[in-house]
Amino acid sequence: MTQSENLVKRLPNDIGGLPAEPIKQIDHALEPWEKRCHALADVLDFHKIINTEEKRCGVEALGAEMVGKLTYYERWIVAFANILFRKGLLTPAELALKMKEVEARWLGDDG
Amino acid sequence: MAQQGQSLDDHGHDHSHAEIGGSGRPGYYDMMETAVRELLVEKKLIGADEIRRQIEVLDSRTPALGAKVVARAWVDPAFRARLLANGRAACEELGISFYDDTALIVLENTDKMHNLIVCTLCSCYPRPVLGLPPDWYKAKPYRARAVSEPRKVLAEFGTIISDDVEIRVSDSTAMVRYLVLPRRPSGTESYSEEQLAALVTRDTMIGVVPASVDKGRTGQ
């Protein structure tokens, strides 16, 4: 089997059965934003805006490099933004402007 | 987009950033989460209070709920039968609500069969009864290897399963989640249901370790 055939047969998330490193029994307490991100995922699911399967596909669609370099909840929030763009519920420009506003609020520009 | 490289060291005044929640400057993804959430609220796609309420739900889910289910199954054979027939309905009997649309299949360990749960594709997990999964459950080594070399994986958790015991690995999906019903440790005949529940850790219900009188819930 060629290497490109392997890429076709196994999407980035499909790692069951592949060789891998020994298990490191790692864990961490979620950062406040990570917990909010998890709650956001649940609420998006309740409203049938993004379901679990769409979320997983959205993470997969980030591609192997981003999946490898972003942390778990970083992948989630980027995937949510992309899915919301694709569904026409948000635009990239709206998100960029809102992120500037969030940052400005933190810097105290409006207070 | 978020001007991360810009120097912000002259942020000299003193005011509360409680809304953002951290003590330092929020990171790029933290700001992205806040921005996405606020836009969805502005567009009335989600309610302003829903995230806070769901955080309360998440905080209320810990392995203590699963432990209560397991201990009840150990002392009440009729409950155990109902639990194995329909995991979700039996948990709901004990007042554990399911906040999602998932089914729950409870897998009973016996002297002939040891069960292990995994989500090879991502991180599906019986969250209503165990809370959120540990990081190692979501990381590549466990997801990749649990299905192909479960005995080696279990050995890395210090669990040696004898060769005459079958190991069955169940791969979770978006709609179907699993919970392991560990074996009741010997020597616990006189234990109360509450004392039994204290022996049941998160990892025993994932199936990576057996329940044991030596390793109570402090051991996870």
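The following dialogue discusses how the helices of chains A and B are described in a predicted model.

Tutor: Because this is a predicted model, local features need pLDDT of at least 70 and side-chain atom pairs count only at pLDDT 80 or more, while totals for chains, interfaces and linings use all residues. Residues are numbered from 1 along each chain as its sequence is written, and chains are lettered from A in the order in which they are written.

Student: Why are helix 2 of chain A and helix 2 of chain B called roughly perpendicular to each other?

Tutor: Their axes, which are lines fitted to C-alpha atoms over the stretch in contact, with angles running from 0 to 180 degrees between N-to-C directions, are 8 Å apart and make an angle of about 105°. Angles of 65 to 115 degrees count as roughly perpendicular, under 35 as roughly parallel, over 145 as roughly antiparallel and the rest as oblique, so the two helices are roughly perpendicular.

Student: What makes helix 5 of chain A and helix 1 of chain B oblique to each other?

Tutor: The axes of helix 5 of chain A and helix 1 of chain B come within 10 Å and cross at roughly 40°, and the pair is therefore oblique. The crossing is also left-handed, a term for a near helix turned anticlockwise from the far one by less than a right angle.

Student: Which residues of helix 5 of chain A and helix 1 of chain B meet there?

Tutor: A:Glu74, A:Ile77, A:Phe80 and A:Ala81 meet B:Tyr29, B:Met32, B:Glu33 and B:Val36, where contact requires C-beta atoms, placed from the backbone, to lie within 7 Å. These residues divide into 6 nonpolar, no polar and 2 charged, with Ala, Val, Leu, Ile, Met, Phe, Trp, Tyr, Cys and Pro counted as nonpolar, Asp, Glu, Lys and Arg as charged, and the others, Gly among them, as polar.

Student: How do you know that the buried residues of helix 3 of chain A line one face of the helix?

Tutor: In helix 3 (residues 52-60), a DSSP run of H or I with at least four residues, the buried residues are A:Thr52, A:Lys55, A:Gly58 and A:Val59; buried means that 20 or more other C-beta atoms lie within 10 Å of a residue's own. Seen down the helix axis they fall within an arc of 120°, so they line one face, and they pack against helix 2, helix 4 and helix 5 of chain A.

How values were computed. A residue is buried if 20 or more other C-beta atoms lie within 10 Å of its own, exposed if 12 or fewer, and partly exposed in between; C-beta atoms are placed from the backbone. The arc is that of the directions from the helix axis to the C-beta atoms. Two residues are in contact if their C-beta atoms, placed from the backbone, lie within 7 Å.
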